[in-house]
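These are my notebook entries on one protein model, written up in the order in which I looked things up.

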Amino acid sequence: MSSTNKSSPARNESGGDGDGDIAVDLFPFLRVYKDGRIKKFVRHATVPASPVERSPSGVVTKDVVAVHDETGVSVRLFLPVDAAVAAVAAGRRLPLVVYVHGGAFCSGSASAPPFHRYAESLAARAAAVVVSVDYRLAPEHPMPAGYDDAWAALRWAASSRHSDPWVSNYADTACVFLAGESAGANIVHNVALRAAAAAAAGEDDDDGGGGIDIEGIILLQPCFWGTERLPCERPAAWRRAAPPMFLPERLDALWPFATAGAAGNGDPRIDPPAEAVASLPCRRALVSVATEDVLRGRGRRYAAALMRGGAWGGEATLVESGGEDHCFHLSPRPNPNAAALMDHVAEFIAKGNTSTSSPMAKRRRRRRRCTLHGAGAEKTTSMHALRGQTAPKVQHAGSGIMANKADKYVVRSCL
């Protein structure tokens, strides 16, 4: 693990790899053996923060320790210097993005190379102040500890009475985004629901303005699951010779493990019902799926719940990356699909940078719009084209363009 203060198991010896010795198999993250040993396969190095020297992309970083007394959660801040200076000179502020890393609820940290690298790129490309949450990990800290930490970090970041100068001087706390991949995307969804519940109860409102104002959520290959297999989760749907990164049998064990046995896969936190999705407090949502990811059906179903029937009332965007598996965008290797996904995320955030608008204008619900993206093309569709579907129908064939005229949308695959 990359952060020993979050996860330091007393017993983490190697050996005993026989299948008969395994009690819980969450490879490629960890295995729990019947004698209580835990073997972790993901051990990230640590990237130090750099509050003075800029990265090659022009971003400075710093750690803020214990932003919440009860949880002890820490965050890492990412500030794009030139964009921040230019915004202040123009009388504006930068969007504020609270980023929650992935890692199956049990690995990773804000300082781990893949997550530090992505948050830094996000700050540079989106011209945003990024707050990366260093939340506690299972099994030492079972869920909902991660939810509690991310909620505390969001409240700290979005507070209008802020003590950190990077946030208070450069971030627009009226233009807040929640972003995460995989388990982090699951945390984003559940924290957004907590924000809605808090606002409805009149909580967490330090200025009397109605709670935390979330402009949008960004779910990259979100980790949702359930008690029954979707068609794409069965081996017959796997198009590659090698199995997907996550095997369904291992995903069956993930949420019970992450909650220390307190919840199963029917839990609405891992299998969100349509009514929960419809209650999201944000105005916009971007959902990304990868066509070789075993979790893709869950992401598509989540996006379809946003698009269906008008109950939510926001603007939903679904981005599909063809030929890619889970969390492909975190690889350090150059990848046109990862670059295209980052372009969509940056554009999504840029549309919310409306700090010159009046508070009332910012709180008006935008006209409902559903957009599906592939590489190099997008088309806005009317709601009646998707109403009633369980998920958007997207077909891929080589590098060609497949159109479904009956459903009135066109998607170009990122192949």
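**Loop between β7 and α3**

I began with the loop between β7 and α3, where P144 is found. The model is a predicted one, and I read the backbone angles from it on that understanding. M143 and P144 are joined by a cis peptide bond, with omega at about 20°. I then checked P139, which lies in the loop between β7 (129-134) and α3 (145-158). The peptide bond from A138 to P139 is cis as well, and its omega is near 0°. I noted these bonds since most peptide bonds are trans.

**Overall figures**

I next recorded the totals. The protein has 415 residues, of which 56% are buried. Its secondary structure comes to 10 helices and 15 strands. I also looked up how contacts are spread along the sequence: of those between residues at least 6 apart, 73% join residues at least 24 apart.

**Helix α1**

Which residues of helix α1 are buried? I found V81, A84 and A87 in this helix, which spans residues 81-89. Viewed down the axis of α1, the buried residues fall within an arc of 130°, so they line one face of the helix. I looked up what they pack against and listed β4 (59-64), β5 (74-80), β6 (94-100) and α4 (165-170). On the other side of α1, I found D82, V85 and A89 exposed. Just after the helix, G91 takes a positive phi of about 75°.

**Positive phi outside glycine**

Most residues other than glycine have a negative phi, and I therefore searched for exceptions. S182 is not a glycine, yet it has a positive phi of about 55°. I located S182 in the loop between β8 (171-181) and α5 (183-200). Its relative accessibility is 4%, so S182 counts as buried, the cut-off being under 20%.

C327 also came up, as a residue other than glycine with a positive phi, near 55°. I placed C327 in the loop between β11 (315-321) and α9 (336-350). C327 is buried, with a relative accessible area of 14%.

**Cysteines**

How many disulfides does the structure hold? I found zero. For C223, I looked up the closest cysteine sulfur, which is in C327 at 9.3 Å. This is too far for a bond, because a disulfide needs the sulfur atoms within 2.5 Å. C223 counts as buried at 4% relative accessibility. I checked C106 too, and it counts as buried at 1% relative accessibility.

**Second largest cavity**

I closed with the cavities. A search of the whole structure finds four of 30 Å³ or more, and I examined the second largest, which has a volume of about 80 Å³. Which residues line the second largest cavity? I listed L26, F27, F29, A104, S182, C223, F246, R250, L251 and L254. S182 and C223, both entered above, are thus among the lining residues. By class, I recorded eight nonpolar residues, one polar and one charged in this lining. Helix α6 (residues 248-258) gives the most to the lining, with three residues.

Technical notes: Residues are numbered from 1 along each chain as its sequence is written. This is a predicted model: local features need pLDDT of at least 70, side-chain atom pairs count only at pLDDT 80 or more; totals for chains, interfaces and linings use all residues. Side-chain values use heavy atoms; hydrogens and water are left out. On a 1 Å grid over the protein atoms alone, a cavity is a set of points where a 1.4 Å probe fits but cannot get out, and a pocket is an open set with protein on both sides within 12 Å along at least five of seven lines; lining residues have an atom within 4 Å of a point. Grid points are joined across faces, edges and corners, and a volume is the space filled by probe spheres set on the points. Helices (H or I, at least four residues) and strands (E, at least two) are DSSP runs, numbered from the N terminus. Ala, Val, Leu, Ile, Met, Phe, Trp, Tyr, Cys and Pro count as nonpolar, Asp, Glu, Lys and Arg as charged, and the others, Gly among them, as polar. Buried means under 20% relative accessible area, exposed over 50%, partly exposed in between (1.4 Å probe, protein chains only). The arc is that of the directions from the helix axis to the C-beta atoms. Contact means heavy atoms within 4.5 Å.
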